[in-house]
Every structure is written in structure tokens, then in C-alpha cells.
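Open the model in your viewer and keep the selection panel at hand. The stops below go from strand pairing to the nonpolar cores.

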Amino acid sequence: GYGDAQALNPTSKIPTPNLNRLAAEGMTFTDAHSGSAVCTPTRYGVVTGRYCWRTRLKRGVLNGYSDHLIDPARLTVAGLLKQNGYHTACIGKWHLGMDLPKEGKENIDYSKRIKNGPNVNGFDYFYGITASLDFPPYVFIENDRFTESEIESQSAIGFPGYLRKGPVGKKFKHIDALDHLAEKSVAHIHERAKARQPFFLYFPLTAPHKPVMPATRFQGKSRLGPYGDFVMQADWTVGQILKALDETEQTENTVLFFTSDNGSFMYRLDAMPKASEKGHVEDNTVQAFDAKNHHSNYPLRGTKADIWEGGHRVPYFVRWPGKIKQGSRCADPICHVDLMATCAELVGAQLPDNAAEDSFSILPFTLNKGGASRGAPVVHHSSNGTFALRDGKWKLILGSGSGGRGIPKSKPGDRPFQLFDMQNDQAETSNLVDKYPEVAGKLEQTMDRLIKSGRSR
């Protein structure tokens, strides 16, 4: 969440020294947004440069058994960089669907090949899991094969070690998954450093998503419960990547992006849908912090899944030594879909018209070029499919409530809509839709045009 990183929230008690280092050595985007307030659609935007609501997935997320979402014919950021001489890899959480060798709905033959996974989406190498760490099947995959075929059964577990019931590999340990993926990523960096070829590594972490299972060495370290400990481990993992780049003498020649796929799922205790007298620190089964202890989405309203800022305004740091000014900040709104156009500009490639339809390069912002502009408003999307449009200081929510898990709940298109001045009201406390109906009307027309045109770019 926006409030977990000390570089964005000076009141955060969770030590995040490695994210602090990234902020100190590069640029912090203070108004960066995931393409959705939940995971799968955001990852689709990261990989393709296109809003996910333009696909079959109009709301919610895929599960661990879902078929592929990305059309194999669609150009991805990995495919783009591969065309321009890069070795490309994804290590971690995929969650964009792949065609598992299923016999029926969920019965898998673990000896057979997986089709339409990351390898057909431009990635030379993949190692990871099908979806989130709380979605079965709980088995690691390398390229298009499962890494083990001895399968046992995992029972369901409640929060914070939240797991769904399902098959699990005999050697698979949830608590060790993040460390294992970090080791794989570090080894990959060392391996690619020896090759005479530039590389692109997409490392989608499994933390601090559910299940909240910090490694033993982090347990109790944050004094903010398992969630705080897990954020510490995520920060440590970032540190392992930084260390690997330093050790292989690639730091100066590497552009590094760090962000989150949505806001934190941790509520403010006073904003929980179901009342609780204790927060996560006092009772780690409670998915909320008392404000006196911590606010994971500080200073924003809402949480993961919501159309309010807490659902999709996220940490975003970019480091490029010698190019990006150290300790710089950018307050312009950007979106995760912008990665692909940014990478295209980095390598001097031209994007075809049928790719990255919603992507704009943020390179001019990072290089502090005067007059930089994204080129189009940013579209926000909630878990139930509610839209919002951000244009300059104005944000129009095309719904009457959270569009997610927050209270009051609402359906897409419910009126009255919500209009906020994000320059003066980051916490979205004053709905100005009645005061500025002409502004709301113009933004609604723009949103309608962006939906019907099939593109922003």
C-alpha cells in the first residue's frame, strides 16, 4: 500500500530501507496508479500496455486454473524487448491465465505440458506459480512444465495465513515461496550478467499479498503483526535484487522499476465493513490496523478493490543512475499501462497501432524534460467494474460508492456519481459533483469516448 513505504509515508513504522534507497537514488512518482484495484487486470496492463477491461475480464480476477487471458498474437513488453535484442524472463506470480493440462475443471495431469503461458507472451524464461499464493494449484512451474508431480492436499486456512483448499506439491512450502523466488531471480541476474546480451526481468512478488506468511526470521520484527513483518520481507527481497545488480556491476546500466499491483487489503479499523474492537497488532486475525499503529494506504480513502485512491494509488519508484536525478519526485498522474511505451522509447522502438493502445512513455518525466505530459487521462477500475477518470486535478467516479469492498458499496453506473478535486482533497472527503456538473459532464463524455474508441493512444 501507499502508506507502507516510508518514502511515501513518513509516519510508517515499518522499516523499508531498500525502498527508501530506491527513492533516494531515483524518482518517486507520488500519483501513480495500478490499472485496476485488483491483481489480474493490473498485470495485464503492465505486460500489454492495454487496459484489461478491453478484454473478456470486465471485473474481478482469474483463479489458478483459468485459461490464458493474453492473446498469443498480442505484442507484450517482453515481446517488444525481445525483438530489440533482449533476453526476457518472468520469475514469480503470473496470474494472467495459462492453459493447464486439465481433465475436467480442476483435475490436472502434472506430467503434461502447459500451453499459452508466459513463453508464448514474449518471455524466454518463466519460473513461478499460476496465480496468487492463495490460489491452487500450489506447484511451481518452469517454462511450460510443473516442477513436481507428487501432489498432496492443502486444507483451507483463515486470515492471516489465508489459503484456499486445493492440490499442493509435496515439496512446495508457502512460507518459503518468496525466498525461493528471490533466490531464482538473483541467480538469473548473475547468469545474465555473464551473457553478452541485455536482459529484461519481470519479478512479480508474492508478498505482501495473502497468505500473510512472513519467513521465520521476520516474524515479530515490525511489531505491527504478520502483515508488517511481511512488508519487511518484501522490502528485503527488493534489497536482494539491488545487491545482485551491485555484485554483478550492472547497477549503472540498469533501469529499475518498483511498484505494487493494487492498494493494500489492510483496512483502517474505523472503516472496516464488519466492526472489530481490536486491530491487527492486537489480534493478527483482524484485517485492519488501528490508526494509532499504522495506515497501509495512508493518507488515502479505501482499500484494495475500491475505486477510491486507496484501491489503486500505489508506490512507484524508478532508478536509472546517471540519468534520473537522485531524490527527485513527480506529481503527475501515471499508470502501470505506461511501462510498455516507456520501454519502447528506451530502446528506440516504434509501437505498432495494434499494441499498447493505452500506454504512454513516462521517460520524459524521469529525465525531467520540460513540458512533459502523459497525453491522455488515466482510467481507474474497481473490482466490480466501476470506472473512474482522472484528468488533471479532477477525478470522476462513475458510481455512488466504493465499487469494491468499502462502505458504502455500489454497482457500476450507480448515481449520484462522485467528483473530487485531487489537488486539494486527496482523501476524497468532499463530493463536488453537484457544484461542478459541467466538469462531471465533460469527464463522463471523455470516459465514454475512451471506452468506445478502443484506445487512449
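Two strands count as paired if DSSP finds at least two bridges between them. The model on screen is predicted.

Select strand E3, residues 87–93, and add strand E4, residues 125–129. These two strands pair in the parallel sense, over 5 bridges. To find one point of register, pick Ile91: its bridge partner in E4 is Tyr127.

Keep E3 and add strand E9, residues 199–202. E3 and E9 also run parallel, joined by 4 bridges. Here His87 is the residue to pick, with Phe199 as its bridge partner in E9.

Is E3 mostly covered or open? Mostly covered: 7 of its 7 residues are buried.

Next, select Leu19, Leu22, Phe140, Phe172, Tyr227 and Phe317. They have the most contacts inside the largest nonpolar core, a set of 50 residues. At least two residues of this core come from each of helix H1 (17–25), E3, E4, helix H4 (177–193), helix H5 (225–247) and strand E10 (256–259). H5 gives the most, 10 residues. In soluble globular proteins, nonpolar side chains tend to be buried together.

Centre the view on Phe172. Leaving aside neighbours within four places in sequence, Phe172 is in contact with Ile129, Leu133, Tyr138, Val139, Phe140 and Glu148.

For the last stop, select Trp94, Phe146, Met340 and Cys343. These residues are among the 37 of another core, which lies apart from the largest one.

Key
Residues are numbered from 1 along each chain as its sequence is written. This is a predicted model: local features need pLDDT of at least 70, side-chain atom pairs count only at pLDDT 80 or more; totals for chains, interfaces and linings use all residues. Side-chain values use heavy atoms; hydrogens and water are left out. Buried means under 20% relative accessible area, exposed over 50%, partly exposed in between (1.4 Å probe, protein chains only). A nonpolar core is a set of buried Ala, Val, Leu, Ile, Met, Phe, Trp, Tyr and Cys residues joined through side-chain atoms within 4.5 Å. Contact means heavy atoms within 4.5 Å.
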